[in-house]
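Please open the model in a viewer and keep the sequence panel beside it. The tour below proceeds by selections, each followed by a description of what is found there.

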Amino acid sequence: MIKFFRQIRQRLLSEGKTTKYLKYAIGEIILVMIGILLAIQVNNWNEERKKNISLGKALGQVINDLKQDEETLKIYEEMEHKHIQYLEALSNRHYNNIKLDSIRYNLEHYMVFVESNNAYSTLKSNGMFSEIKNEGLKSNLTNYYERLYDNLAASTEWGETITNNRIVPFVLSNLDWDENGLVNEKLVKDKIATTNLLQLVKFQIDVKRYCINEINYALTLNNTLRIEIEKEIDNLK
């Protein structure tokens with residue numbers, strides 16, 4: 001192709017057609033520039049496509065983590081509801097509705113939140129988080145993995161502190177249990193009548209209700225975030 005253009009230029013010069021030669025040379029330069037610009041554009045498009053593919057895969061991993069979070073949070077929610085039902089029945093002295101001998105299991109339990117944020121951490125560490133153009137999505141990701149996670153961690157810490165500092169000392173000082181962790185029902189009733197056991201029960205109910213509120217908010221944001229990410233992945237295709 002270059003040889004062909006060179007032959008045309010040489011023929012125009014040999015025929016003394018300088019004006020046509022200049023016009024042709026300028027046209028050739030313009031064509032070359034257009035070719036270069038198109039090549040750059042194609043290269044940029046390919047690079048952008050590669051980035052979008054990588055970002056889409058990374059966001060897909062975030063969705064997987066969110067699904068894991070959802071499963072974990074639903075387990076916590078179900079367990080906390082069961083413990084509250086037991087403790088409320090105990091607080092209201094509805095002994096026929098529960099097994100008093102399992103008081104330790106329900107009174108000493110607290111939520112231990114386990115983070116599932118590897119994909120989000122990778123997004124932040126490798127710089128791909130900044131490639132997300134949807135500012136609303138970036139804001140919600142930050143809110144979920146940094147603020148909400150902090151709240152869930154605080155709920156865990158609060159439950160652990162109350163249990164270890166107030167519940168466990170009471171249990172060790174006032175209750176006896178067998179090899180299965182079960183307490184004599186008569187002893188439980190006696191401690192309800194003679195100690196502050198019911199006050200501790202009510203306090204633990206409040207702690208668990210607070211945890212459930214945080215869990216429900218987390219589940220709502222989790223679902224919203226997954227929908228946003230799925231839309232973003234579709235836009236990247």
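One term is needed from the outset: a residue is called buried under 20% relative accessible area, exposed over 50%, and partly exposed in between. The model on display is predicted. K138 offers a case for the rule: its relative accessibility is 16%, so it counts as buried.

**The whole chain**

Begin with a cartoon view of the entire chain. It holds seven helices and zero strands, and the order of elements from the N terminus is α-α-α-α-α-α-α. Of the 237 residues in the chain, 40% are buried.

**Helix α5: E135 and K138**

Select E135 together with K138, the residue introduced above. Both belong to helix α5, which covers residues 135-174, and they are three residues apart, about one turn of the helix. Their side chains meet in a salt bridge, with 3.7 Å from N to O. Is each partner buried or exposed? E135 has a relative accessibility of 54% and therefore counts as exposed, whereas K138, at 16%, counts as buried.

**Helix α2: two further salt bridges**

The structure has eight salt bridges in total. Side chains of opposite charge can pair when their charged atoms come close. Move next to helix α2, residues 18-91, and select E70 and K74; because they are four residues apart in this helix, about one helical turn separates them. The salt bridge between their side chains spans 3.6 Å, N to O. K74 is partly exposed, at 44% relative accessibility.

E70 and K74 also belong to a wider arrangement. Add R226 to the selection: salt bridges with shared partners join E70, K74 and R226 into one network.

Then select E78 and K82, also in helix α2. These residues are four apart, so about one helical turn lies between them. Their side chains form a salt bridge of 3.4 Å, N to O. The relative accessible area of E78 is 45%, which makes E78 partly exposed.

**The loop after α2: R93**

Proceed to R93, in the loop between α2 and α3. What is the phi of R93? It is positive, at about 60°, although R93 is not a glycine. For comparison, most residues other than glycine have a negative phi. R93 is partly exposed, with 47% relative accessibility.

**The loop between α3 and α4: N117**

Select N117 in the loop that connects α3 (103-108) and α4 (118-125). N117 has a relative accessible area of 16% and is therefore buried. Now show the side chain of E115 as well: a polar contact of 3.5 Å joins the side chains of N117 and E115.

**The aromatic cluster**

Display the rings of F113, Y120, F129, Y144, Y145 and Y149, which ring pairs link into a cluster. A pair of aromatic rings is described by the distance of the centres and the angle of the planes. How many aromatic pairs does the structure hold? There are seven aromatic pairs. One of them is formed by Y144 and Y145: the ring centres are 4.9 Å apart and the planes stand at 75°, so this pair is edge-to-face. Y144 is buried, with a relative accessible area of 1%, and Y145 is buried as well, at 5%.

Another pair joins Y144 to Y149. This pair is tilted, with 5.7 Å from centre to centre and 50° between the planes. Y144 and Y149 are both buried.

**Charges over rings**

Keep F129 in view and add K124. K124 lies over the face of F129, at 4.4 Å from the ring centre. Then select R104 and W177: the charged end of R104 sits over the ring of W177, 4.0 Å from the centre of that ring.

**A nonpolar patch on the surface**

For the last stop, switch to a surface view and select W158, F203 and Y210. These residues make a nonpolar surface patch of about 260 Å². F203 lies in helix α7, residues 197-236, and is partly exposed, with a relative accessible area of 31%.

Key
Residues numbered from 1 in each chain as written. Predicted model: local features only at pLDDT ≥ 70, side-chain atom pairs only at ≥ 80, totals over all residues. Heavy atoms only, no water. Patch = residues over 30% accessible without salt bridge, like charges linked within 9 Å, V, L, I, M, F, W, Y side chains within 5 Å. Areas by Shrake-Rupley, 256 points an atom, 1.4 Å probe, with all protein chains shown as cover. Salt bridge = Lys/Arg side-chain N within 4 Å of Asp/Glu carboxyl O. Helix = DSSP H or I, 4+ residues; strand = E, 2+ residues; numbered from the N terminus. Buried < 20%, exposed > 50% of the residue type's maximum accessible area, 1.4 Å probe, protein only. Phe/Tyr/Trp six-rings, centres within 6.5 Å; stacked < 30°, edge-to-face > 60°. Lys NZ or Arg CZ within 6 Å of the ring centre and 35° of its normal. Polar contact = N/O pair within 3.5 Å; in protein donor to acceptor, adjacent residues only side chain to side chain.
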